[in-house]
Amino acid sequence: MAAADTLGKTFSCSSCDFVVEYQYQGRKPPFAKNIMLVEDCYIMKDPFSTSGGFVCVGGICSLCGCSVCMSNDCSLFYTQRFCLKCAGKNMKEFPPELQQEISHRLNS
Ligand SMILES: [Zn+2]
Ligand SMILES: [Zn+2]
């Protein structure tokens, strides 16, 4: 992903209606120094920050590859990002306390 391609990209969550413009997708936002993220994120420059701040607006489900926002209703992070659908389908792969969390989220 080249640092140069910056403008006019839109992130849309596959699970809710959240749509936002983002500037970078990946782990190392060029405008935030010394930052290495633990996952490939969709990143928006923080409009209120003057020091290279940014906001992760979404990520990519490591199983189905769909784009999901960071909302608790859409995805969760456990070593990798999962959309809630995949988390539900693969419930057994998660530790018991997360299984509870997932079924709670799926049912709410
Ligand atoms: Zn969402
Ligand atoms: Zn998924």
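These legends accompany a few close-up views of a predicted model.

**View 1. The open sheet and its strand order.** Here you can follow four strands in the order S3-S4-S5-S6, paired antiparallel in an open sheet. At the edges stand strand S3 (24–26) and strand S6 (67–69), and each has a single partner strand, so one of its sides has no neighbour in the sheet. Ignoring direction, neighbouring strands of this sheet are turned by 35° against each other on average.

**View 2. Where S5 meets S6.** Moving in on this pair, we find S5 and S6 running antiparallel and joined by three bridges. One residue to look for is Gly58, whose bridge partner in S6 is Cys69.

**View 3. Asp46 in its loop.** Look between strand S4 (41–45) and strand S5 (54–60), and you will find Asp46 in the loop that lies there. Is Asp46 buried or exposed? Asp46 counts as partly exposed because 14 other C-beta atoms lie within 10 Å, whereas a buried residue would need 20 or more. Leaving aside residues up to four places away in sequence, Asp46 touches Gly53, Phe54 and Val55. Cys56 is ten residues from Asp46 along the chain, and their C-alpha atoms are separated by 9.3 Å.

**View 4. The annotated stretch, residues 11–102.** An unreviewed UniProt entry lists these residues as "domain: Cysteine-rich DPF motif". In the model, the chain over residues 11–102 is 14% helix and 35% strand. To close the tour, compare the two ends of this stretch: their C-alpha atoms are 24 Å apart.

Note on methods: Residues numbered from 1 in each chain as written. Chains lettered and ligands numbered in written order. Predicted model: local features only at pLDDT ≥ 70, side-chain atom pairs only at ≥ 80, totals over all residues. Buried ≥ 20, exposed ≤ 12 C-beta atoms within 10 Å, placed from the backbone. Contact = placed C-beta atoms within 7 Å. Pairing = 2+ DSSP bridges. Axes fitted to C-alpha atoms, helices over the stretch in contact; angles between N-to-C directions. UniProt positions renumbered as here; feature names shortened; annotations may be inferred.
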